[in-house]
Amino acid sequence: MQSLSQGPKPRCFGLVFGLFALLAAGQVSANGAIGDHVNDLKGHLAQYSEEVNWLLGKYDGVVGTYEKQGQKAVDTQDLVDFWEEVDFHSAIETNYVPVYANIWQGIYGIKQAIEAGKPAAEVRAEQEKLNSAFWQALGAVKLASQYQEKGLLAKVQTTEAEPTTMPETLEDIKHRLDRVVAKYAERLPEAATTIVHDTYLNRFEGVEGALIEQDAALVEDLEKDFNVTLPKALESESSVDSVRKVVEAMQVKLDKAKALLVEAEKNRKDVF
């Protein structure tokens, strides 16, 4: 790949919390097979930087062609293919799913603007959002490489590790909900809905009994989110931001549930 000129420096604001939030979760690619490079991030940082620059150039080329020659001169499927071609795709997917979703959102922002025949200035605005997501993603991977080198990141697995405690299960549920947003951003609503149903049946139902003892109303609220609110948002062709807001609200409730279970376990140990 031909390396392009450097753009603005990547920003890592808010990434530290997000990365550590994923440490206890199974780091699994939502798209199947991944390369060994994800377990040697530091050794591939130069490659990832080159790929990001290559992507920036490719998307700029598509938008430039649209500006000069119009809609018929552009194949918008290229916008998706560029992203799926690079190794950086799985590097960010396995380390910071929320930014991964932002990248897909940006790709489709450009794609839909071109397909709708929007003014070039509007397409450029979508491109800027995508560029920002790429730089943020590169910053996230660089940060993850530091944690990985210190042994703070678990080795990426191609099969999911089962959580062994209820608090771990709730963290796993939160991570799965991030994947729901990512899949929806990829324009795969059926895959996103499948993750929701699978998470409810194979994760949430396993902690319901203990949670009901602590806060029955909270359990009822989350059940509605899993079975009504989130599936409806996915089915109604809501914006990615709207789906993300539903997920973020659920994650706040899951944090509360986790705190209740941790406190209950602490009290149980104090008694015995």
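Glu 171, Lys 174, Asp 255 and Lys 258 are linked in a network of salt bridges. A salt bridge here is a side-chain nitrogen of Lys or Arg within 4 Å of a carboxyl oxygen of Asp or Glu. The model is predicted, so local features need pLDDT of at least 70 and side-chain atom pairs count only at pLDDT 80 or more, while totals for chains, interfaces and linings use all residues. Residues are numbered from 1 along each chain as its sequence is written, and side-chain values use heavy atoms, with hydrogens and water left out.

The protein has 10 helices and zero strands. Helices (H or I, at least four residues) and strands (E, at least two) are DSSP runs, numbered from the N terminus. Of the 272 residues, 46% count as buried. Buried means under 20% relative accessible area, exposed means over 50%, and partly exposed lies in between (1.4 Å probe, protein chains only). Among contacts between residues at least 6 apart in sequence, 80% join residues at least 24 apart; a contact means heavy atoms within 4.5 Å.

One member of the network, Lys 174, lies in helix α7 (residues 166-185). Lys 174 is buried, with a relative accessible area of 12%. Leaving aside residues up to four places away in sequence, Lys 174 touches Gln 251, Leu 254 and Asp 255.

The count of salt bridges comes to 16. The table gives some of them.

| Salt bridge | Closest N to O distance |
|---|---|
| Arg 176 and Asp 172 | 2.9 Å |
| Lys 253 and Asp 221 | 3.1 Å |
| Glu 186 and Lys 183 | 3.5 Å |

Lys 253 in helix α10 (residues 240-271) and Asp 221 in helix α9 (residues 216-235) are 32 residues apart, and the pair links distant parts of the chain. Asp 221 is partly exposed, because its relative accessible area is 31%.

Arg 176 and Asp 172 are separated by about one helical turn, because they are four residues apart in helix α7. Arg 176 counts as buried at 5% relative accessibility, and Asp 172 is buried with a relative accessible area of 4%. Glu 186 and Lys 183 are buried too.

On the surface, Asp 75, Asp 81, Glu 84 and Glu 85 gather in a patch of negative charge. Patches of charge are made of residues with over 30% relative accessible area and no salt bridge, like charges being joined within 9 Å. Asp and Glu count as negative, and the place of a charge is taken as CG of Asp or CD of Glu. Asp 75 lies in the loop between α2 (45-69) and α3 (77-85), and counts as partly exposed at 46% relative accessibility.

Conventions:
Patch = residues over 30% accessible without salt bridge, like charges linked within 9 Å, V, L, I, M, F, W, Y side chains within 5 Å. Areas by Shrake-Rupley, 256 points an atom, 1.4 Å probe, with all protein chains shown as cover.
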